[in-house]
Amino acid sequence: MTLSDDDPFRNLDVPTLHATVSRHARERPHALALRFGTRRYDYAELDALTDRVAASLARDGIATGERVLILGRNSDAVPILALAANKLGIVPVPLNWRLAPAEIAALAVDAGARLIFFEPEFSGAVDILKLECLSTIAFSTANLLPESDWLAPAGAPFDRQDDAHAVAIQVYTSGTTGRPKGVMLTHRNLLGINTLRGTLAWDRWNSEDVTLVATPLGHIGAYGMLARALFFGGASIIQPAFSVEGTLDAIEHDSVSKLALVPTAIGMVLDHPRSRSVDYRRIDTIIYGSSPITLPLLRKAMLVFGCRFAQSYGMSETSGPTVALPPEDHDPDGNERMTGAGIALPGAQLIVTDAKGGTLPAGEVGEIRIRSIANMVGYWNQPEETARTLCPGNWIRTGDAGFLDRDGYLFVSGRIKEMIITGAENVYPAEVEQALASHRDIAQVAVVGLPDSHWGEAVTAAVVLRSGCTPYAAALIAWARARIAAFKVPKKICFLPMIPLNGLGKIDRRALRDALSNYDYVEQSSNPPLLED
């Protein structure tokens, strides 16, 4: 595959991920690369094992360009298979284990893979897949471990591929707005921004860094962190899934220095009784995404963790983060920039466009577009969707609405398709969510528009309260009214035990609308408390 002539980064030399691991194996053979439970791999061991897996795949007739699937909770099997597949020019496809069996089978059929590695607890999804595609071969992930009889012997030959323009990974979008799409990312896409990270003083990685990978590796956020650590010769601590105890254990016993968490997870860690007894001095930076961090949470986190904080913004189609709010813009007293996503990372450019694709000036809301060395080469077997998303000049249409300020800082208003039209005014859920999330009693909030005979759509907020807090809808509405325009203030607030999420951990607004359509909006107190910052 070739880069567009319009790509300003076409002359940047970027290696493949597997070649980078092989280089670390030569230069620092005994440095830790991965740990999963009791299994540890230094770079020499990881490189040698993935050679054996690659030789086994070649022996079994899996050819360059084919897709190989892996299904299971996070484990060492994912990077082992991915690196081995890359050595043959085969495309690894990690599937999100949180999806329903029928959804998993549909993605597997879409990928057209003949081979899937899976963990036993997901045999139901594999059975459904076999009914859909009788030619599929299913192997246990145990076959990828050093003691497996399936593995070719050390030194077995295979035709090694090393093309940075080859697809390194295929990840599927959540499909909340339609059919899930297989995002094809080359080694150049996946690692390009990493080659430029040294220009950012706050975001420099090195071989001493350790990161925690606990969110699904079928999601680019987690796989990108794993790839970043391998690129710089650092170590990745892989855990099956996120847990507060597991996170604290990794910080305490594995000297984690780079940690990626969503704000909700940061709050969960801080609320745990053990959080005050852990030594956090090794943590250099906590990177968070999915939403801005609230001031009360930032203050608490800065006090406890004592490290730098950076927000990231990106999507599967951009290999993850291409925009970041640097630590110097995080002020415990608050500032305007903290309500935004940040500035473009090296290797990325931003514009905001109108409905016809014309560039808008600073301050005007439109669709956010990103041009980056990290931009995907396309969607698997969906050329029309690729053409709709990947525009001439290598610009990705994000589907997000937002604006740039005069200093180039990006402010995201929300998904264009999620815009609420109420009384002829446009309201984006993100700005309402941000206003409500700043209240100390709110643990989570999500905003949608519901049909309304008077307004067309009524701005409606679903709120999850912190433990021990009393639901006062009128008080929260008053809180929002003091912070955003009157037409943006929720007409209704409901209190839920949890916000529905999709398989990638994002708000499932379709399910949320269904839940709210039958909600009884009865104010539970006529005497709301006085609200304070």
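Guide: Let's start with a rule: two strands pair if DSSP finds at least two bridges between them. Keep in mind that this is a predicted model.

Visitor: Then what makes strand 3 and strand 5 a pair?

Guide: Strand 3 (residues 67-71) and strand 5 (residues 115-118) are joined by 4 bridges. The rule asks for at least two, so they count as a pair. They run parallel, and L69 stands opposite I116 in strand 5.

Visitor: Where do these two sit in the sheet, and what is the strand order?

Guide: The order is 4-3-5-6 in an open sheet of 4 strands, with parallel pairing.

Visitor: Why are strand 4 and strand 6 said to stand at the edges?

Guide: Strand 4 (91-95) and strand 6 (137-140) each have a single partner strand, so one side of each lacks a neighbour in the sheet. As for twist, it averages 25 degrees from one strand to the next.

Visitor: What lies across strand 3, strand 4 and strand 5?

Guide: That's helix 3 (residues 77-88), running at about 175 degrees to strand 3. Angles go from 0 to 180 degrees between N-to-C directions, so helix 3 points almost opposite to strand 3. Helix 4 (residues 101-111) also packs on the sheet, touching strand 3 and strand 4, and its direction makes about 165 degrees with that of strand 3.

Visitor: Between strand 3 and helix 3 there's a loop holding N74. Is N74 buried or exposed?

Guide: Buried: N74 has 2% relative accessibility, and the cut-off is under 20%. Beyond its sequence neighbours within four places, N74 is in contact with residues including F36, W97, L217 and P240.

Visitor: How do you know that N74 and L217 make a polar contact?

Guide: A polar atom of the N74 side chain lies 2.9 Å from the backbone nitrogen of L217. The limit is 3.5 Å, so that distance falls within it.

Visitor: Which residues have the most contacts inside the largest nonpolar core?

Guide: That core has 69 residues, and the list is L46, V53, L57, F117, L144, Y223 and L230. Leaving aside neighbours within four places in sequence, Y223 touches L17, V78, A82, I169, L190 and L217. There's a second, separate core too, with 33 residues, among them L259, L261, I293 and A301.

Visitor: Why is strand 7 called mostly covered?

Guide: In strand 7 (residues 167-172), 6 of its 6 residues are buried.

Visitor: And what makes strand 7 and strand 8 a pair?

Guide: They're joined by 5 bridges, and at least two are needed, so they qualify. Strand 7 and strand 8 (residues 182-186) run antiparallel, with Y172 opposite G182.

Technical notes. Residues are numbered from 1 along each chain as its sequence is written. This is a predicted model: local features need pLDDT of at least 70, side-chain atom pairs count only at pLDDT 80 or more; totals for chains, interfaces and linings use all residues. Side-chain values use heavy atoms; hydrogens and water are left out. Contact means heavy atoms within 4.5 Å. A nonpolar core is a set of buried Ala, Val, Leu, Ile, Met, Phe, Trp, Tyr and Cys residues joined through side-chain atoms within 4.5 Å. Buried means under 20% relative accessible area, exposed over 50%, partly exposed in between (1.4 Å probe, protein chains only). A polar contact is a pair of N or O atoms within 3.5 Å; within protein, one must be able to donate a hydrogen and the other to accept it, and residues adjacent in sequence count only if both atoms are side-chain atoms.
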